[in-house]
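Q: Could you show me how to read the places where chains meet in a model, and how to read a nonpolar core?

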Amino acid sequence: MSTNGHPVSSVRTLVAVFLSLMVLTALTTGIAFVNLGAGSTAVALAIAIAKASLVVWFFMNVRFNTRLIPVVIVGGLFFLLVLFVETFADYFSRGWYGHGR
Amino acid sequence: MAAEAPGGSPGLAHHFDSYEQQKEAATLGMWLFIVQEILFFGGLFFAYALFRWKFPVAFNHASRHLDVTLGTFNTAVLIGSSLTVALAVRSAQLAKPRRIVGYLLGTAALGLVFLGVKAYEYHHKWVEHLVPGPDFRFDGPGAENARIFFSLYFGMTGLHALHMVVGIGILLFLLRPAWQGKYTPENHNMIEGFGLYWHFVDIIWIFLFPLLYLAGRHHQL
Amino acid sequence: MSDPRTAATDPPGYAPVSYLNETWGLKSWLLTLDHKRIAILYLISVSFYFALGGLMAALIRVELATPQGDLVSPDWYNRLFTMHGVMMIFFFLIPAVPGVLGNFLLPLMIGAKDVAFPKLNLLSWYLYNIGALFAFWALLHGGVDTGWTFYTPLSTAYTNTHVIAVGLGIFINGFSSILAGVNFMVTIHRMRAPGQGWFRLPLFVWGMYATSLIQVLGTPVLAITILLLAAERLFHIGVFDPAYGGDPVLFQHFFWFYSHPAVYIMILPAMGVISEIVAAFARKRIFGYKFVAFASVGIATLGFLVWAHHMFVAGISIYAGAVFSILTMFVAVPSAVKVFNWTATLYKGSVLWETPMLYALGFIGVFVIGGLTGTMLATLGLDAHIHDTYFLVAHFHYVMVGSAVMGYLGGIHFWWPKLVGRLYPAFLSKFAAIVVFIGFNVTFFPQFLLGYLGMPRRYHTYPPEFQTLNVMSSAGATILGVGYLIPMLYLLWSLKWGPKASANPWGAVGLEWETTSPPPVHNFATSPVVTTEAYDYAARAARAEVPVGG
């Protein structure tokens with residue numbers, strides 16, 4: 001559906017996304033009690049990323065935006081990744097060759 | 001909003017050539033603001049990741065002191081408020097002023113529920129001596145490190161809550177113009193911008209909840 | 001229809017009524033939404049904080065003229081260099097070129113009526129001043145003594161000075177910077193004139209875009225760093241405290257993640273100015289336009305990857321040190337590309353030795369020294385010896401003062417006729433430019449030698465064998481101070497008594513020169529349409545057009 005040529009999300013779509021987010025929320029809580037060892041954090045993050053993606057794509061209407069918006073989002077996340085990767089590179093490698101942690 | 005330009009374009013600022021240009025500018029501006037907020041919270045997420053990697057036992061024990069039921073409930077509440085604000089934006093796109101106000105009020109109500117639960121949780125932490133400060137007391141392994149967990153817990157959820165309070169404040173300012181029909185299908189950038197902001201605050205919580213509340217829950221402690 | 005107040009003797013394109021005087025009164029200035037007026041407001045504010053920072057520099061150089069600590073106590077010396085750094089970096093260098101020249105020129109250069117969010121623009125100026133007032137208050141109450149870098153645990157556990165007040169001021173100022181960055185990015189993306197694709201933009205606009213990228217992405221990390229610093233100081237949250245498992249070096253990671261890209265906030269706008277000046281006064285398009293444009297964005301991007309080169313001897317792992325060292329070498333490449341392109345532009349150009357060009361040429365020379373010494377510092381083995389010595393002090397002053405400030409002054413001198421509709425005395429301005437260049441080099445070149453010989457930074461006493469070089473440096477500082485004072489005087493003088501300027505006194509190519517001097521409130525009588533590349537000098541010469549000069 002659209003007004004003035006601008007696309008509008010249907011109520012059905014929005015409610016469907018909402019219900020998916022609820023299911024994923026229940027899943028993330030439930031799966032936290034299952035012993036996945038080191039995989040727990042990865043699974044929790046994966047579910048969170050899925051939820052965030054649904055919010056961004058459907059609730060924030062990024063699917064209707066120009067290509068610039070996803071570029072902006074990915075660009076911003078890239079620099080956050082730089083902070084994580086390069087700083088962790090220091091902390092991970094401090095234990096090598098007898099350096100203190 | 002801006003005075004009516006000659007030729008009858010209410011709400012079109014003088015330095016823009018069209019509603020389309022104004023809308024594109026508002027959307028891009030809001031997303032850039034959100035990106036900087038991501039970097040802002042990102043610093044805290046990094047600190048959390050670092051210290052959880054360093055002190056997994058202390059963090060798992062500390063995380064047990066958070067109430068999973070309340071946390072899950074709050075997550076659901078906030079997602080619900082994202083639905084209501086998305087419906088408010090849709091109502092603006094369809095020129096339905098009364099519905100904009102209704103959905104915005106619903107958003108505010110759910111936001112207040114969230115904050116109420118958080119206030120309850122904070123009070124509980126205070127009573128349990130888990131607020132970092134002179135009264136901090138933690139019984140469990142890695143007590144000094146647990147202090148960092150709670151510092152980050154209060155810092156991150158506190159900053160998040162502050163963003164919600166600001167959001168609700170802004171929402172209140174949108175109610176009157178919405179009721180008066182000021183937000184038209186061509187020009188409802190304030191509602192869209194607010195919606196983007198609110199969704200972003202929801203997304204922060206989507207990451208905060210599992211990281212803070214669900215750390216190491218499967219372990220037998 | 002010509003304005004009846006225009007005298008018959010006024011040069012063509014001079015506007016007796018413009019954005020400056022179309023409305024009167026304090027409210028019309030303090031509540032203005034006109035980007036050009038906001039630029040003038042920034043000009044006044046940054047000049048004030050530059051003078052404050054300069055005063056502290058003067059006191060530092062007076063102290064360092066003698067080996068003994070005889071002017072101030074060690075504690076007060078710490079406060080002097082800290083507040084000098086804070087004032088200059090946060091309240092002068094970061095806001096100056098974007099706030100003054102960026103604000104004024106950006107809409108003009110893209111044929112727009114204003115920036116995307118004029119109210120946000122005014123808010124940025126107010127936030128800057130509110131933040132600066134916090135720092136000013138702290139200054140009046142003894143300042144801070146931790147160095148502008150606020151390293152923990154001195155800043156969190158040991159110092160009794162007003163860390164939180166200054167931190168708050170910087171935090172608020174950060175918002176000013178972020179909002180300005182958002183504003184400029186949206187303006188450039190969405191408000192370019194019809195026909196003005198990205199590769200027809202003046203390179204100053206590319207420079208401002210790259211700067212805005214850094215402001216938006218980097219400043220929020222500084223913001224969270226300040227909050228963590230305050231929380232550690234007030235509540236002992238433990239993240240920076242080894243007693244709780246924290247790490248003081250973590251503060252440095254957070255701090256430099258912003259503060260290194262911040263130096264590119266300070267230099268990229270100045271580089272943009274240099275591109276404009278070199279093109280105008282060599283009467284040639286910039287050689288390798290696309291290379292310069294991409295180099296600007298490249299500097300902004302790569303600049304985010306290299307921050308821990310400030311931390312080589314702080315306790316990071318040697319492997320991380322190696323990675324950051326190599327990455328830092330990469331960031332030198334786009335900077336060098338720009339220098340080669342400016343030089344190639346000058347080659348076979350018709351060089352005009354006007355004042356802005358003198359600043360630009362000075363910039364290029366000084367920037368090469370500053371940049372190369374940066375790569376020297378980036379070399380792990382060498383840095384172990386020269387980190388935190390006067391070699392470092394000289395390096396960053398070569399890029400921040402020699403380059404950024406000279407770029408700023410060059411820009412002020414280039415666009416002054418456009419800003420205020422007046423010309424300044426040619427001989428005096430060229431003389432002052434040369435005084436600045438000489439004064440700057442006499443001040444800071446000896447400091448390379450001092451650092452290499454072992455004099456540490458942030459010390460108010462030194463062994464007597466270093467005195468000669470220190471006296472040279474202090475003498476140079478006096479010359480530099482005179483060099484800065486002269487323009488302040490003649491620029492103010494020109495407001496009332498300077499010859500009126502035409503629309504395009506330099507005969508330059510650019511949309512800003514196609515409107516009156518000073519411009520009208522809405523910038524252009526009719527919205528321009530862009531059909532040519534940015535530096536259209538060759539085509540203009542081919543059409544044998546006589547540029548409107550005055």
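The dialogue below takes up two interfaces and then a core, in a model that is predicted.

Q: How many residues does each side bring to the contact of chain A and chain B, and what area is buried there?

A: The size of an interface is often given as the accessible area lost when the parts come together. Here chain A brings 54 residues and chain B brings 49 residues to the contact, and the area buried between the two chains is about 4,400 Å², with carbon and sulfur atoms giving 78% of that area.

Q: What does the count of salt bridges and polar contacts give for chain A and chain B?

A: Between chain A and chain B the rule finds zero salt bridges, while seven residue pairs are in polar contact, with both residues at pLDDT 80 or more.

Q: Which elements of chain A supply the side that touches chain B, and how do its residues divide by class?

A: At least two residues each come from strand E2 (6-7), helix H1 (11-31), helix H2 (39-59) and helix H3 (68-93) of chain A, and H3(A) gives the largest share, with 14 residues. By class, this side of chain A holds 35 nonpolar residues, 17 polar residues and two charged residues.

Q: What does the interface of chain C and chain A show when it is read in that way?

A: In this interface 19 residues of chain C touch 15 residues of chain A, and the buried area is about 1,600 Å², of which 68% comes from carbon and sulfur atoms. The rule finds one salt bridge across this interface, in which the side chains of A:Arg94 and C:Asp247 meet at 3.0 Å, N to O. There are also six residue pairs in polar contact, both residues being at pLDDT 80 or more. On the side of chain C that touches chain A, helix H6 (163-190), H8 and helix H10 (318-346) of chain C each supply at least two residues, and the residues of that side divide into twelve nonpolar, five polar and two charged.

Q: Which residues have the most contacts inside the largest nonpolar core, and what surrounds one of them, B:Leu104?

A: The largest nonpolar core has 294 residues, and those with the most contacts inside it are B:Leu104, C:Phe90 and C:Tyr408. Helix H8 (residues 248-282) of chain C gives the largest share of this core, 23 residues. When its neighbours within four places in sequence are left aside, B:Leu104 is in contact with B:Val85, B:Ala88, B:Leu171, B:Leu174, B:Leu175, B:Ile191 and B:Phe194.

Definitions and conventions. Residues are numbered from 1 along each chain as its sequence is written. Chains are lettered from A and ligands numbered from 1 in the order in which they are written. This is a predicted model: local features need pLDDT of at least 70, side-chain atom pairs count only at pLDDT 80 or more; totals for chains, interfaces and linings use all residues. Side-chain values use heavy atoms; hydrogens and water are left out. Contact means heavy atoms within 4.5 Å. Buried area is the accessible area (1.4 Å probe) that two parts lose on being put together, summed over both. A salt bridge is a side-chain nitrogen of Lys or Arg within 4 Å of a carboxyl oxygen of Asp or Glu. A polar contact is a pair of N or O atoms within 3.5 Å; within protein, one must be able to donate a hydrogen and the other to accept it, and residues adjacent in sequence count only if both atoms are side-chain atoms. Helices (H or I, at least four residues) and strands (E, at least two) are DSSP runs, numbered from the N terminus. Ala, Val, Leu, Ile, Met, Phe, Trp, Tyr, Cys and Pro count as nonpolar, Asp, Glu, Lys and Arg as charged, and the others, Gly among them, as polar. A nonpolar core is a set of buried Ala, Val, Leu, Ile, Met, Phe, Trp, Tyr and Cys residues joined through side-chain atoms within 4.5 Å. Buried means under 20% relative accessible area, exposed over 50%, partly exposed in between (1.4 Å probe, protein chains only).
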